[in-house]
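Trainee: Could you take me closely through the aromatic pairs of this model and whatever adjoins that topic? I would like one connected account rather than separate notes.

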Amino acid sequence: MTTGVLVVGAGLAGLCAARDLEAGGADVTVLEARPRPGGRVEQVELPDGRLVQLGGEVVGDAHTAYLGLVAELGLTMVPSYVAEPGEITRQIPESVDVGEPPAWFGGDDVASYDVVEEALRKVVAGIDPDDPWSCPDLHRLDAMSVGDFVRAAGGTPAVVRAMELVHLSLADGSIERQSMFAYARKIAVGGGSGSYDVGEWENQRVAEGSATVALRMADGLRDLRLATPVSRIEVGPTCRVTTAAGEVLTADAVVLAVPAGPARDLEITGVGDARLTSLRRQRHAWAAKYVAAYDAPFWREHGQNALAESEGVLGSTWPQSDGVLSALVPPERFAAFAAADPATREREALAQLAALYGPQALTPMSTWTRWWGTDPWTQGYVTQWRPGDVEAVGPLHGTHEPPFYVCGSDQWVAGYMEGAVRTGRAAARALWGEQH
């Protein structure tokens with residue numbers, strides 16, 4: 001029976017896998033490159049006691065693995081920013097519009113949007129979330145961009161622009177460089193029928209802080225080694241993992257719980273070429289997260305809910321908690337943001353927030369930036385599926401080759417914290433299933 005397991009990575013996925021394996025009686029060692037657990041979930045505390053989330057924050061009703069874990073840990077789910085009073089803001093170079101529909105929509109555009117939504121619903125209905133490979137239209141849809149689909153369905157230029165705003169806000173890639181099949185599959189998996197709906201996907205958060213989920217799991221592990229990056233994994237009857245410092249650890253099985261980008265930097269032997277090719281073919285959206293904390297939610301004074309979609313460097317904003325604004329820098333803006341010196345980046349980001357919400361945005365208590373795209377331990381945000389990527393990665397995506405197991409947010413179709421928890425726990429079940 002397998003009792004010795006090495007887990008590489010202490011993000012949500014690795015922590016979930018290790019926790020469940022230990023609960024089943026395995027002897028688990030977790031190796032984490034960072035000096036802290038949690039991966040892309042991280043938090044800091046303000047002097048007034050408010051927690052600020054510098055990583056993942058929100059989940060939806062269909063994220064059942066995450067919700068179940070939170071309940072097991074004795075933490076509390078509360079409504080997310082979707083409960084914030086006020087209206088959405090959209091920013092384009094020509095205007096800043098509050099409310100629905102945007103001022104640059106005419107009557108024909110509203111009708112066109114409805115036509116596109118109906119076409120999208122038909123595509124989503126034809127995808128089985130549990131067996132996407134059975135979709136007879138997979139090849140055509142995967143080769144097609146979302147932008148091409150919207151135009152073919154009758155989307156006006158204003159509708160195409162609105163759709164692009166949504167995807168800039170999600171920071172998962174432009175509609176011109178995103179597989180239509182991947183987008184529709186994500187919706188099908190999430191339980192929706194039309195365009196990405198924040199009310200379905202992002203309506204809940206952990207009251208105690210999403211990073212607390214990771215910290216509680218980490219506190220319960222027997223052997224978690226921080227600041228211990230891995231350089232080599234050898235899979236065989238006895239698996240060997242070599243750290244960057246040259247230490248060699250052995251076990252009966254290995255769970256790889258790092259994103260596909262950092263996984264490409266590892267030397268992995270003993271695993272089939274097809275499995276490694278699939279794993280390494282995945283790509284991530286290079287994005288950054290920017291957070292600004294204020295004394296109070298001043299945007300409410302103008303009837304705004306602090307949810308914004310923008311063509312600026314900050315592709316989206318939302319209120320993560322009382323007086324704290326989160327923002328994402330999408331892949332199409334990442335280079336421009338990263339190329340500036342820190343003072344310029346700060347000035348430009350705050351100027352954009354001021355254009356959205358007024359001059360009070362210029363004077364935050366504190367700000368933070370997390371460079372997921374260039375962080376060596378993440379090398380990206382959510383999985384980015386360009387046209388052709390779904391078929392190129394293929395049905396081995398997220399599968400295991402015992403005694404080598406994979407998990408992580410990018411090993412689930414839609415990424416997110418749900419993907420990390422879902423695949424981490426599934427990897428633990430698969431490992432035990434091979435031995436019983």
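Mentor: In this predicted model, the structure holds 10 aromatic pairs. One of them is formed by Phe334 and Trp371, whose rings meet edge-to-face, with 5.7 Å from centre to centre and 85° between the planes. This pair links distant parts of the chain, since Phe334 belongs to helix α12 (residues 331–339), whereas Trp371 lies in the loop between β20 (366–370) and α14 (389–393), 37 residues apart. The two partners can also be described by their accessibility: Phe334 counts as buried because its relative accessibility is 5%, and the cut-off for that word is under 20%, while Trp371, with a relative accessible area of 23%, is partly exposed. Both residues belong to a cluster in which ring pairs link Trp286, Phe334, Phe337 and Trp371.

A ring can also face a charged side chain, and here Arg161 lies over the face of Trp104, at 5.8 Å from the ring centre.

Turning from rings to strands, there is an open sheet of 3 strands, in the order β5-β9-β6 and with antiparallel pairing. Its edge strands are β5 (58–59) and β6 (77–79), each of which pairs on one side only. Between β6 and strand β9 (residues 204–206), which run antiparallel, there are 3 bridges, and Met77 stands opposite Val206 in β9. In general, strands of a sheet pair through backbone hydrogen bonds, whether parallel or antiparallel. Helix α2 (residues 64–72) lies across β5, β6 and β9, and runs at about 35° to β9.

Methods. Residues are numbered from 1 along each chain as its sequence is written. This is a predicted model: local features need pLDDT of at least 70, side-chain atom pairs count only at pLDDT 80 or more; totals for chains, interfaces and linings use all residues. Side-chain values use heavy atoms; hydrogens and water are left out. Rings of Phe, Tyr and Trp (its six-membered ring) pair if their centres lie within 6.5 Å; planes under 30 degrees apart count as stacked, over 60 as edge-to-face and the rest as tilted. Helices (H or I, at least four residues) and strands (E, at least two) are DSSP runs, numbered from the N terminus. Buried means under 20% relative accessible area, exposed over 50%, partly exposed in between (1.4 Å probe, protein chains only). A charge sits over a ring if NZ of Lys or CZ of Arg is within 6 Å of the ring centre and within 35 degrees of the ring normal. Two strands pair if DSSP finds at least two bridges between them. Contact means heavy atoms within 4.5 Å. Axes are lines fitted to C-alpha atoms, for helices over the stretch in contact, and angles run from 0 to 180 degrees between N-to-C directions.
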